[in-house]
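Here are my notes on the model you sent round, as numbered points. Have the structure open while you read.

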Amino acid sequence: MILTLVAMLSMTTAFAEEESTNNVNNMAAYELNVNMDKLSAVLNLADDQKEAVADIQHTFASELMFAAQYSKNDRKALVARAIDNDVKWMRYVLDDKQMRTYLQLLNSTMNNRGLNK
């Protein structure tokens with residue numbers, strides 16, 4: 001009886017430890033640090049576009065971190081809304097060629113982080 005209790009407690013601890021590790025890894029997926037110099041170079045941004053894109057990226061990163069705090073179903077909807085807002089705002093700032101490049105980068109980033117499911 002005691003051995004069964006010890007076995008159950010150790011299994012519970014192992015599951016809790018794995019769940020905690022998964023949550024940390026999931027939270028890291030929502031942390032978005034954009035190197036604006038590289039993004040500016042890739043998109044060939046004009047000086048007046050750089051500040052607007054930096055502001056939009058800051059807002060997008062904040063929305064992703066906000067979404068990470070919620071349950072899985074709520075999180076999915078909040079991430080989708082953050083992406084939609086980001087794309088909508090970027091369309092005002094970027095021209096067609098820049099927008100195509102940005103969408104490719106955004107899609108790759110979301111896929112690599114596992115947020116585009």
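1. Start with the weak stretch: over residues 12–25 the pLDDT stays under 50, pLDDT being the predictor's confidence in each residue, from 0 to 100. The model has 0 contacts beyond four places in sequence for residues 12–25, where contact means heavy atoms within 4.5 Å. Where pLDDT is low, the predicted coordinates should not be read in detail.

2. A word on ground rules. This is a predicted model, so local features need pLDDT of at least 70 and side-chain atom pairs count only at pLDDT 80 or more, while totals for chains, interfaces and linings use all residues. Numbering runs from 1 along each chain as its sequence is written, and side-chain values use heavy atoms, with hydrogens and water left out. Over the protein, the mean pLDDT is 78, and 75% of the residues reach 70 or more.

3. Now the overall layout. The protein has 5 helices and 0 strands, and from the N terminus on the order reads α-α-α-α-α. Helices here are DSSP runs of H or I with at least four residues, strands are E runs of at least two, and both are numbered from the N terminus. Of the contacts with a separation of 6 or more, 62% are between residues 24 or more positions apart. Of the 117 residues, 29% are buried; buried means under 20% relative accessible area, exposed over 50%, and partly exposed in between, using a 1.4 Å probe and protein chains only.

4. Which residues touch the most other members of the largest nonpolar core? They are F60, L94 and Y102, in a core of 25 residues. Helices α2 (36–43), α3, α4 (72–93) and α5 (96–112) each give two or more residues to this core. The term covers buried Ala, Val, Leu, Ile, Met, Phe, Trp, Tyr and Cys residues joined through side-chain atoms within 4.5 Å. Y102 is worth clicking on: leaving aside neighbours within four places in sequence, Y102 is in contact with L39, L43, Q57, D86, M90 and L94.

5. L106 sits in helix α5, and counts as buried because its relative accessibility is 9%. Beyond four places in sequence, L106 contacts F60, I83, D86 and V87. The C-alpha atoms of L106 and D86 are 9.7 Å apart, with the two positions 20 residues apart along the chain counted as their separation.

6. Compare two positions in helix α3. Q49 lies in this helix, which spans residues 47–68, and is buried because its relative accessibility is 13%. Apart from neighbours within four places in sequence, Q49 contacts N44, V93, L94, D95 and Q98. Q49 and M90 are 41 residues apart along the chain, and their C-alpha atoms are separated by 9.9 Å. K50, also found in α3, counts as partly exposed because its relative accessibility is 34%. K50 touches M36, S40 and L45, not counting residues up to four places away in sequence.

7. N44 deserves a look at its backbone. This residue is in the loop between α2 and α3 and has a positive phi of about 55° although it is not a glycine. Most residues other than glycine have a negative phi. N44 is exposed because its relative accessible area is 62%.

8. What lines the second largest pocket, by class? The lining has 9 nonpolar, 4 polar and 2 charged residues. (Ala, Val, Leu, Ile, Met, Phe, Trp, Tyr, Cys and Pro count as nonpolar, Asp, Glu, Lys and Arg as charged, and the others, Gly among them, as polar.) About 290 Å³ of space lies in this pocket, and of its 15 lining residues the closest to the centre are V34, L39, Q57, L105 and T109. Helices α2, α3 and α5 each give two or more residues to the lining, with α5 giving the most, at 5 residues. A pocket is an open set of points on a 1 Å grid over the protein atoms alone where a 1.4 Å probe fits, with protein on both sides within 12 Å along at least five of seven lines; lining residues have an atom within 4 Å of a point. Points are joined across faces, edges and corners, and the volume is the space filled by probe spheres set on them.

9. Last, the C-terminal side: L115 is in the segment after α5. L115 is buried because its relative accessible area is 13%. Its C-alpha atom is 9.1 Å from that of A80, 35 residues away along the chain.
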